[in-house]
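Trainee: Before I use this model, I should like to understand the terms applied to it.

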Amino acid sequence: MKKDLSIILISMVFVLCSFSAEVKLKVTHVKPNCGKVFVSINKTAESFKSRRPDISLSLESSSEEIETVLDLEEGEYAFSIFQDLNGD
């Protein structure tokens, strides 16, 4: 029981010490009202190579420029963005 409690406390300290920041993502050259814009965000090279994003978003193509705000932990990320013009 004491060991389990110490693991929980260490986990809580890690969560409290991790830094995050608001990141503004601006996508330009969008064709308005012609399909959703998909965003894949990868934290590691392995997740990028395996095409399994850590975070994925689907945005409406309401104008030629789309903005959204993300709350991301400090680190390096790879972003993949595309617009599905024909819905397939």
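The following exchange sets computed values against their definitions.

Mentor: This is a predicted model, in which local features need pLDDT of at least 70, side-chain atom pairs count only at pLDDT 80 or more, and totals for chains, interfaces and linings use all residues. Residues are numbered from 1 along each chain as its sequence is written, and side-chain values use heavy atoms, with hydrogens and water left out.

Trainee: Why is Ile66 called buried?

Mentor: Buried means under 20% relative accessible area, exposed over 50%, and partly exposed in between (1.4 Å probe, protein chains only). Ile66 has 7% relative accessibility and therefore counts as buried.

Trainee: Which residues are in contact with Ile66, leaving aside its neighbours within four places in sequence?

Mentor: Contact means heavy atoms within 4.5 Å. Outside those neighbours, the contacts of Ile66 include Leu25, Val27, Val37 and Leu59. Leu25 is 41 residues from Ile66 in sequence, yet their C-alpha atoms are 8.1 Å apart.

Trainee: What makes β3 and β5 the edges of their sheet?

Mentor: Strands are DSSP runs (E, at least two residues), numbered from the N terminus, and two strands pair if DSSP finds at least two bridges between them. The open sheet has the order β3-β2-β5, with antiparallel pairing. β3 (55-59) and β5 (78-83) each have a single partner strand, so one side of each is left without a neighbour in the sheet.

Trainee: How many bridges support the pairing of β2 with β5?

Mentor: Strand β2 (residues 37-42) pairs with β5 over 6 bridges, in the antiparallel sense. Phe38, for instance, has Phe82 in β5 as its bridge partner.

Methods
Helices (H or I, at least four residues) and strands (E, at least two) are DSSP runs, numbered from the N terminus.
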